[in-house]
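Trainee: Could you take me through the sheet in this one, slowly, and then show me what packs and pairs around the rest of the chain?

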Amino acid sequence: MTTNLGGIIFHQIMPDNSGGAEFDTDGDGVAEMEDEFVSFQNASGQPIDISGWQVWSVSTGHGAPVQAQDGLVHEFDAGTVLAPGEPLWVVTELSEDKHWAEEASEGGDGKNLLTEGHADGNYEETIALVNPDTGEYIVFNMAAGDPEFYKLPGFTGTKKTGEIDGENVQNDANAGFSYQYDASTGEYVYKEAWVPCFAAGTLIDTPAGPRAVETLRPGDLVLTQDRGAQPVVLVRDRTVDLAGETANAQAPIEFKPGSLGAGLPYRSLLVSPRHRMLMLDQQGHEVLAPAIGLVGRPKVRSKQGTKRVQYVHVLLDHHAILMADGVAAESLYASDEVIRGLPVKDRATVDAHYPLDAPLPQPARRMLTVAETRFARDWQLRPKGAVLKVA
């Protein structure tokens, strides 16, 4: 396993969203610095309580409209527990400076997580995850040299236990691209940023019959596996132009009929690479497996060559199992990417269901990592409707 702090690893970092093909994390229609983010993941096999852990930034780069500020980025609330495999986002955009300490904020709407890293190594571009209780911390360093976190006022880290050389991965951050952990290789890669969602046109089961996901609106009822009909809290979409050498990383995953059971899905189903599908593990327990990890199985492929795709999120007041084109898949999990990265116009609605100071919601099922999914044999991970065949 890569450098970790008590089992928590750096999952994805998008440090520069100031120019070029920016990434609209919160889906408000504007790609800007406020869409920058860092996410972490529980890479262990047990739940991990990260209450009070802190995220710090050192950035002396330049080139963005607003210079990034050194200091405390975020402190996780009491009751923040990550399930095995679960990721958690911290997004720059916020409503009440909840993520950025006062001394680290530029003020107003101009906040910046990290400005551009540079190949000459003259600029520090670094994120640290700190456990204040032990003083231990790990670093994702995107520039040459030792990041001087110890010079930051109030820095709680006393013992660096690991450092990832991000400069070796990519020495100049590009807008809309992110550093991402690839569990299949144990290495970090640099490619277009992502969040999980359905492709437009996917039919979601509702009490009145199937509805195209993009036609759903807040208050509409959808059918869930565990709680029956439930109202939609929020629907958000983003259109991704798939071009360039890294376009295939964002390409939708296609599940053809028969890929997830006899005649299932009813027609070709498209989801984003990290969207999770309901499967059965070796013991017959239901688990959620990321779509990208299922590529290579019969009738499952990355639909490369796609020019453009519209992805749609469906948020309920709990993480749930929906029926999409006849197969079971997750609704959007309300990580920081959702409850703390929303436009102001959406936050009042969402806050009633996901208060900022509340613990994270319970995942609908255990979430598998990409590596766990990819390396599982057919009899160890199978569609719920399939017949078990012992090898």
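**A sheet and its surroundings**

Mentor: Sure, let's start with the sheet: five strands make it up, it is open, and the order is β5-β4-β8-β9-β10 with mixed pairing. At its edges stand β5 (71-75) and β10 (159-165), and each has a single partner strand, so one side of each has no neighbour in the sheet. From one strand to the next, the twist averages 20° (axes are lines fitted to C-alpha atoms, for helices over the stretch in contact, and angles run from 0 to 180 degrees between N-to-C directions). Here, strands (E, at least two residues) and helices (H or I, at least four) are DSSP runs numbered from the N terminus, and two strands pair if DSSP finds at least two bridges between them.

Some ground rules before we zoom in. This is a predicted model, where local features need pLDDT of at least 70 and side-chain atom pairs count only at pLDDT 80 or more, while totals for chains, interfaces and linings use all residues. Residues are numbered from 1 along each chain as its sequence is written, and side-chain values use heavy atoms, leaving out hydrogens and water.

Now look inside the sheet. Strands β8 (residues 125-131) and β9 (residues 136-141) run antiparallel and are joined by six bridges. One of the matches to find is Asn131, whose bridge partner in β9 is Glu136.

β9 also leads us to the rings. The structure has 11 aromatic pairs (rings of Phe, Tyr and Trp, its six-membered ring, pair if their centres lie within 6.5 Å; planes under 30 degrees apart are stacked, over 60 edge-to-face, and the rest tilted). In one of them, Phe40 and Phe76 sit edge-to-face, 6.2 Å centre to centre with 80° between the planes. That pair links distant parts of the chain, 36 residues apart: Phe40 is in strand β2 (residues 37-42), and Phe76 is in the loop between β5 and β6 (81-82). Both Phe40 and Phe76 are buried (buried means under 20% relative accessible area, exposed over 50%, partly exposed in between, with a 1.4 Å probe and protein chains only). Phe140 and Tyr188 form an aromatic pair too, edge-to-face, at 5.2 Å centre to centre and 80° between the planes. Phe140 belongs to strand β9 and Tyr188 to strand β12 (residues 187-192), so this pair ties together parts 48 residues apart in sequence. Phe140 and Tyr188 are both buried. Follow the ring pairs and you get a cluster that includes Phe10, Phe40, Phe76, Phe140, Tyr179, Tyr181, Tyr188 and Tyr190.

Next, move along to β21 (residues 276-281), where six of the six residues are buried. Arg276, Leu278 and Leu280 point one way from β21, while Met277, Met279 and Asp281 point the other way. β21 runs antiparallel to β22, with five bridges between them, and Arg276 stands opposite Pro290 in β22. The two strands form a hairpin with four residues between them, and Gly284 in the turn has a positive phi of about 85°. β21 is also joined to β28 by three bridges, again antiparallel, and there Leu280 stands opposite Arg382.

Arg382 is a fun one to pause on. Arg382 is buried but has no salt bridge, and the nearest side chain of opposite charge, Asp281, is 6.0 Å away (Lys and Arg count as positive, Asp and Glu as negative, and His and the chain ends are not counted). A salt bridge needs a side-chain nitrogen of Lys or Arg within 4 Å of a carboxyl oxygen of Asp or Glu. Still, the backbone oxygen of Asp281 lies 3.0 Å from a polar atom of the Arg382 side chain.

Elsewhere, charges do pair up: a search of the whole structure finds nine salt bridges. One of them joins Asp325 and Arg267, at 3.0 Å from N to O. Asp325 is in the loop between β25 (321-324) and β26 (327-330), and Arg267 is in the loop between β19 (253-255) and β20 (269-271), so the pair ties together parts that are 58 residues apart in sequence. Asp325 is buried, at 4% relative accessible area, whereas Arg267 is partly exposed at 37%. Another bridge joins Asp220 and Arg211, with the closest N and O atoms 3.0 Å apart. Asp220 is partly exposed at 22%, and Arg211 is partly exposed at 28%.

Notes:
Polar contact = N/O pair within 3.5 Å; in protein donor to acceptor, adjacent residues only side chain to side chain.
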